[in-house]
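Subject: Model for your files

Hello,

The structure we discussed is below. My notes on the contacts follow it.

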Amino acid sequence: MTTSHVDPITLSVVRGVLETTQREMTLALEKTARSSVFNLAHDYSTALFNHTPEMILQGQDIPIHLGSLIPAMKAVSDFFDGDINEGDLILHNDPDYAGSHIIDTCMYYPVFYKGELVFWTVCKGHLTDIGGPVPAGYNPEAREIYAEGLRIPPVKIWDRGVARHDVLNLLLTNMRARRDQEGDFNALIGACQVGARNLVALMDKYGKDVVQDCIEELLAMANRHMDGLIVQVPDGTYTGTAILEDAGHGFGDFEITATVTINGERCHIAISSPPQVPYFINSYEGNSYSGVYLGLMMFAQLPPPYNEGLYRNVTVDMGPKGTLCNAKPPAPHMNCTTTPMETLTDAVRLAFEQAAPAKVSASWGHANGCNIAGWDNRHDEEFVTMVLASIISGAGATATQDGWHACGPQCCFGALTSGDIEMLEHSYPIVIHEYGLITDSGGAGRFRGGSGTRWEVEPLSGEMTLVTFGEGRRIPAMGAAGAQSALTAKKVGRLELSRNGATQILTDNVIETLHPGERAANISPGGGGHGNPFERDVVRVLEDVRNGIVSVEGAQHDYGVIITDAENLTVDHEATARARQA
Amino acid sequence: MTKTYRLGIDAGGTFTDFILSDTKGDLRIFKTLSTPKDPTQAVKNGLALITAETGLSAEEIVSNADLCINGTTVGLNALITHTGAKTGLIATQGHTDSIEIRLGHKEDGHRYDPNYPPATMLVPRHLRHGIRERVLSDGSVRTPLNEDDVRAACLKFRQAGVESVAVSFVWSVLHPEHEIRAAGIVREELPGIHLTVGSQLYPQVREYTRTSTAVVNAYLAPILQRYVAAIDAYFQDLGARRPVRYFQSNGGLAPGNVVTEQSVYAINSGPASAPQAALDVARPWAEKNIITCDMGGTSFDITLTRNGKANINKNIDFLRYRIGIPMIQVETLGAGGGSIGWIDDMGLLQMGPHSAGSEPGPACYGRGGERPTTTDAHLVLGYLNPGGLVGGRLPLDVQKARAAIKTHLADPLGISVERAAYGMFTIVNVNMVNAIRRVSVERGYDPRDFVLMGAGGATGAHITALAREMGISKVLVSKLASGLCAYGQIISDVKYNHMAPAPLRLHGAEAAKTLNDLFTSLEARGREDLSADGFSEGEISVSRTLDMRYVGQVHECTVEIGAFDVTLSTLEDIKAAFHARHKELYTYDEPHNAVEVVNVESTVTGHLTKPEHMHVAPGKSAARALKDHRDMVFNADGVAQNTPVYDGGALGAGDTLHGPAVIEEVTTTIVVEPGWTVTLHETGTYLIEADTAPGVSRRQAALAVA
């Protein structure tokens with residue numbers, strides 16, 4: 001149990017206050033932000049760091065940001081080393097300083113106490129635009145990062161308490177829908193302030209030294225906790241390889257391999273990926289950490305709170321610079337928080353499937369979605385947004401239950417909220433014809449993967465640009481523990497464009513222009529199944545058929561359940577037994 | 001001459017509380033076990049108990065009552081146990097899955113938990129039918145209603161034995177005609193079926209919220225209808241003068257037919273009466289800013305009232321179902337007397353949310369409980385009388401409490417039993433303080449500007465500690481504390497919420513006129529209902545709220561305004577109120593940016609006369625009520641000090657005493673920490689005030705929570 005000199009009761013109190021602080025920062029962000037990507041998608045993180053700077057608390061927010069703020073904070077603090085003053089506020093997005101992708105903007109606020117730097121409050125959020133040639137930043141045609149938007153190395157937007165309006169103006173002038181971006185800057189700044197206020201009050205009450213001792217102990221406890229999980233895994237080397245499909249770049253499919261070496265309480269994860277490519281799927285090192293940590297978390301299955309102590313005995317080698325998972329400038333990268341991150345996560349997950357088979361769950365549907373942009377004639381103004389509803393996929397099944405429907409993508413792990421369709425139609429000049437679950441989309445297994453979704457849109461106010469991103473359109477989400485599906489075509493994503501009475505199916509990332517009367521349906525994949533589908537309880541298969549989650553055809557091919565009368569769900573038990581033996 | 005009574009019956013999870021008041025200020029509390037399988041039975045049992053204790057027959061009370069008021073958990077229980085009616089949903093084609101997609105979200109706190117199950121569907125997918133029809137965001141019809149689709153759905157419902165139907169279409173709030181016509185067809189096809197129409201139940205923008213609210217309502221309506229029919233008939237037989245009024249989670253009363261139509265309003269009604277009770281108890285001090293804390297066996301409920309108005313929640317997840325209608329905000333924490341102390345995987349001491357309940361109960365009950373609970377900590381710290389709770393009817397075993405704390409907490413942590421007990425007490429307090437922040441700080445309020453009021457049997461042990469932690473200097477605890485919610489119900493008013501969507505930007509004469517017309521028409525409906533219910537114009541009041549945001553924001557903040565004419569100039573006042581509220585909540589505002597409204601609401605209230613306060617005879621001296629001394633711990637060092645114990649029943653009005661002390665009432669024990677002074681007021685309320693602050697440290701303590 002506790003081994004330090006810290007009073008155990010004060011320790012619990014300090015932990016409670018830190019969690020409340022993080023929660024209040026999150027709420028402030030969520031309620032005030034303009035960008036639906038961050039206030040609905042929860043595509044943001046709030047974190048607290050100590051002065052060293054080591055992450056002392058991250059909310060359970062979104063896996064995309066799991067850990068990626070750790071190297072980013074260090075890069076920012078190094079950049080301004082010796083020049084960090086009370087009242088400074090630093091902004092940054094550049095992946096070469098361990099940012100994730102440039103549309104994620106981070107604010108770093110140093111918290112001083114009696115003249116001394118003690119903490120940092122940090123927020124990161126996905127804006128709706130970051131300049132560049134393509135609205136919302138995702139440019140499948142970019143061959144360099146410069147064609148994706150504005151790179152912002154660490155820059156002070158407040159200097160000793162004075163806002164640098166010229167710098168802010170420079171940044172905002174380069175972005176679309178300026179009002180929204182400015183509002184989101186304000187939301188990030190407000191959240192940092194809320195955090196700082198609480199931390200100062202905590203030190204007023206217990207004294208700086210006591211608070212710091214408690215935090216040191218919380219980090220040590222998290223470290224011991226993760227050690228305890230890893231030490232249960234037999235020593236050895238475990239390897240997982242996942243395939244990243246070619247979503248339109250023409251370079252073919254890629255393999256990403258994770259090699260996990262367990263030695264006592266130590267865990268080393270080495271990543272091997274092909275050379276970087278002139279397409280927006282490269283991941284710089286900071287972002288890749290999130291993919292690795294998500295794979296680790298799918299094994300560890302820890303409840304919050306999370307701090308950097310968890311990773312003290314976890315070392316990561318992201319492979320040589322200039323590779324897909326350890327990119328260097330000028331590699332384009334905008335898609336990185338989903339592609340290749342989810343494949344990277346799959347590779348780590350597969351390695352752990354060998355290391356700790358009892359704890360493994362199936363992969364979730366990968367992100368494949370769209371951004372929309374155009375002119376809103378109702379208010380005579382520009383609009384641009386990522387459509388969160390378009391990337392809601394099915395969750396992977398676990399060793400104990402079916403995957404949740406409509407809960408992915410994997411990189412978000414249920415942290416998203418997709419937004420009310422009336423609110424979307426109120427905010428943007430569109431009509432959403434469908435937002436529903438898809439029959440047979442969940443991976444077959446003893447426990448079934450969750451269903452993916454279909455999101456169909458039509459513009460109402462002149463032409464609308466639609467940009468797609470992601471993958472998971474050819475390779476379905478991976479099952480676990482022997483799960484496999486027969487009807488794989490129904491388990492992958494795609495874009496269906498309906499124009500002039502014809503429907504075109506697209507599996508590449510594209511930029512399309514839609515007019516009123518034309519429709520685009522974005523289909524998100526289902527999650528992977530868990531275990532042999534022929535062992536799935538027939539009653540549960542029938543319940544799925546009754547609810548249209550599985551078709552009669554799916555029951556036969558995916559589950560070996562032969563239904564002779566679809567209306568009354570009559571089963572031919574003999575034929576079923578035969579089919580299931582095959 | 002016979003007296004006039006008012007009877008309140010508040011069904012809780014474990015107990016059903018009865019409160020009987022008469023016009024002379026005589027108030028009495030009675031408790032009987034709840035009977036969840038047949039909720040009407042507890043009502044009959046309770047009335048029999050009252051007869052046994054007072055000699056008054058049920059007929060005598062009911063026929064001489066100006067009002068009988070009932071708060072029920074029937075709806076809540078049906079939602080918890082998923083035993084509502086078999087329900088069907090008629091929705092816009094393409095959108096029948098919104099209640100299952102749930103915005104694609106998995107609840108926070110369970111992100112990497114492989115065993116956290118999806119929410120149980122109240123309407124399974126095969127009972128959800130899509131209808132070809134579509135209205136756009138400007139209210140225009142894109143696709144007319146396909147009536148054949150509605151009839152086909154009805155056929156399926158009939159075959160499936162559906163009891164209740166919800167109809168909810170996209171943008172029906174801007175063009176209700178499709179829903180109304182569809183409802184008409186359902187009535188033709190399925191005569192006598194329960195019907196919930198989304199745009200009538202909850203006419204607000206947000207399809208998922210509206211559909212989900214309609215589904216919950218439809219799921220509960222048949223259950224509530226059966227309950228209300230039974231209660232109404234029973235009271236009618238007893239000679240009730242007026243129909244029974246039911247307490248709703250919006251903090252108001254409504255007759256049975258309204259509760260049946262709008263069952264969703266009844267789901268969390270019990271604790272929602274605390275603000276009303278608090279305002280009444282605090283009336284002698286004219287306090288209108290009050291935080292109430294109600295600690296029972298398994299949970300701790302908090303409400304906040306500011307300027308005489310309770311915090312309201314809209315569009316929240318309740319028991320994992322999205323519910324739009326306004327409900328009094330009740331923040332609930334798994335921290336009761338039975339909450340178990342344990343050490344987590346990280347090695348940290350935690351309290352709750354697991355509870356020992358009433359069986360086996362805390363270790364000190366001696367009924368086989370071995371885990372240390374909050375009550376065990378109270379006992380070890382000396383706060384509780386080892387002679388027993390409830391006037392000695394429940395003896396407590398100190399040795400068992402000590403053993404449980406030693407084995408499970410003190411030894412593993414390497415500290416003394418007393419320190420561990422005080423640690424348990426402290427962690428419960430911290431959990432409570434963090435929960436109180438959710439109703440105060442997160443709403444932009446400084447808790448130091450509030451009075452703290454204790455309710456429920458177990459709160460008294462924590463009340464001065466909580467006030468100290470929050471920097472609150474004034475505390476009120478009524479002798480009725482253990483039945484405060486039942487009391488709140490008998491002094492509540494009849495209340496209706498009328499809502500409308502108003503998606504418009506807040507500028508120009510047209511916007512002002514639209515808003516003004518909306519409010520006027522909403523309130524006309526409310527006045528009509530109340531007038532039909534016998535309220536005169538002078539007994540009716542109105543309050544208004546608007547859900548507003550900066551254009552581009554996704555979430556709104558709710559701003560309350562007066563019932564003034566909305567004109568070009570008052571439009572500016574409304575905007576100013578929004579900027580101010582935004583700044584209060586989020587540290588900044590953007591006065592140069594455009595503001596838009598999403599939804600509006602008027603609350604129309606019919607005021608009822610209030611019963612008299614309790615009256616306590618003047619006392620001569622607190623010393624006369626001194627009954628004992630016990631060793632008690634008030635410090636983290638675990639060192640005990642000899643502390644006086646007073647008999648609350650022997651204290652008179654005006655009697656004053658100083659902490660450290662304990663006051664024992666029959667159903668509650670009040671711990672007065674050092675540094676606090678207590679005076680019993682003639683209305684039966686203890687006023688507990690912080691002694692003059694010793695300066696800096698107190699201020700620092702206060703700042704720490706602001």
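To begin with one helix pair in chain B, H3(B) and H8(B) are oblique to each other, because angles count as oblique when they fall outside under 35 degrees (roughly parallel), over 145 (roughly antiparallel) and 65 to 115 (roughly perpendicular). Helices (H or I, at least four residues) and strands (E, at least two) are DSSP runs, numbered from the N terminus.

This is a predicted model, in which local features need pLDDT of at least 70 and side-chain atom pairs count only at pLDDT 80 or more, while totals for chains, interfaces and linings use all residues. Residues are numbered from 1 along each chain as its sequence is written, and chains are lettered from A and ligands numbered from 1 in the order in which they are written.

Helix pairs in chain B

Helix H3 (residues 74-81) and helix H8 (residues 207-237) of chain B pack at about 130°, and their axes are 9 Å apart. Axes here are lines fitted to C-alpha atoms, for helices over the stretch in contact, and angles run from 0 to 180 degrees between N-to-C directions. The crossing of H3(B) and H8(B) is right-handed, that is, the near helix is turned clockwise from the far one by less than a right angle (anticlockwise would be left-handed). H3(B) contributes B:Val74, B:Gly75, B:Ala78 and B:Leu79 to the contact, and H8(B) contributes B:Val216, B:Leu220, B:Ile223, B:Leu224 and B:Tyr227. Contact means C-beta atoms, placed from the backbone, within 7 Å. By class there are 8 nonpolar, 1 polar and no charged residues in this contact (nonpolar: Ala, Val, Leu, Ile, Met, Phe, Trp, Tyr, Cys and Pro; charged: Asp, Glu, Lys and Arg; polar: the others, Gly among them).

The axes of helix H13 (residues 417-439) and helix H14 (residues 463-470) of chain B come within 10 Å and cross at roughly 60°. H13(B) is therefore oblique to H14(B), and the crossing is right-handed. B:Asn429, B:Met432, B:Val433 and B:Ile436 of H13(B) meet B:Ala465, B:Leu466, B:Glu469 and B:Met470 of H14(B). These residues divide into 6 nonpolar, 1 polar and 1 charged.

Contact between the chains

Chain A puts 74 residues into the contact and chain B 67. On the side of chain A that touches chain B, the elements giving two or more residues include helix H1 (8-32), helix H5 (178-206) and strand E14 (430-437). H1(A) gives the most, with 14 residues. That side of chain A has 31 nonpolar, 29 polar and 14 charged residues.

Regards

Terms used: Two residues are in contact if their C-beta atoms, placed from the backbone, lie within 7 Å.
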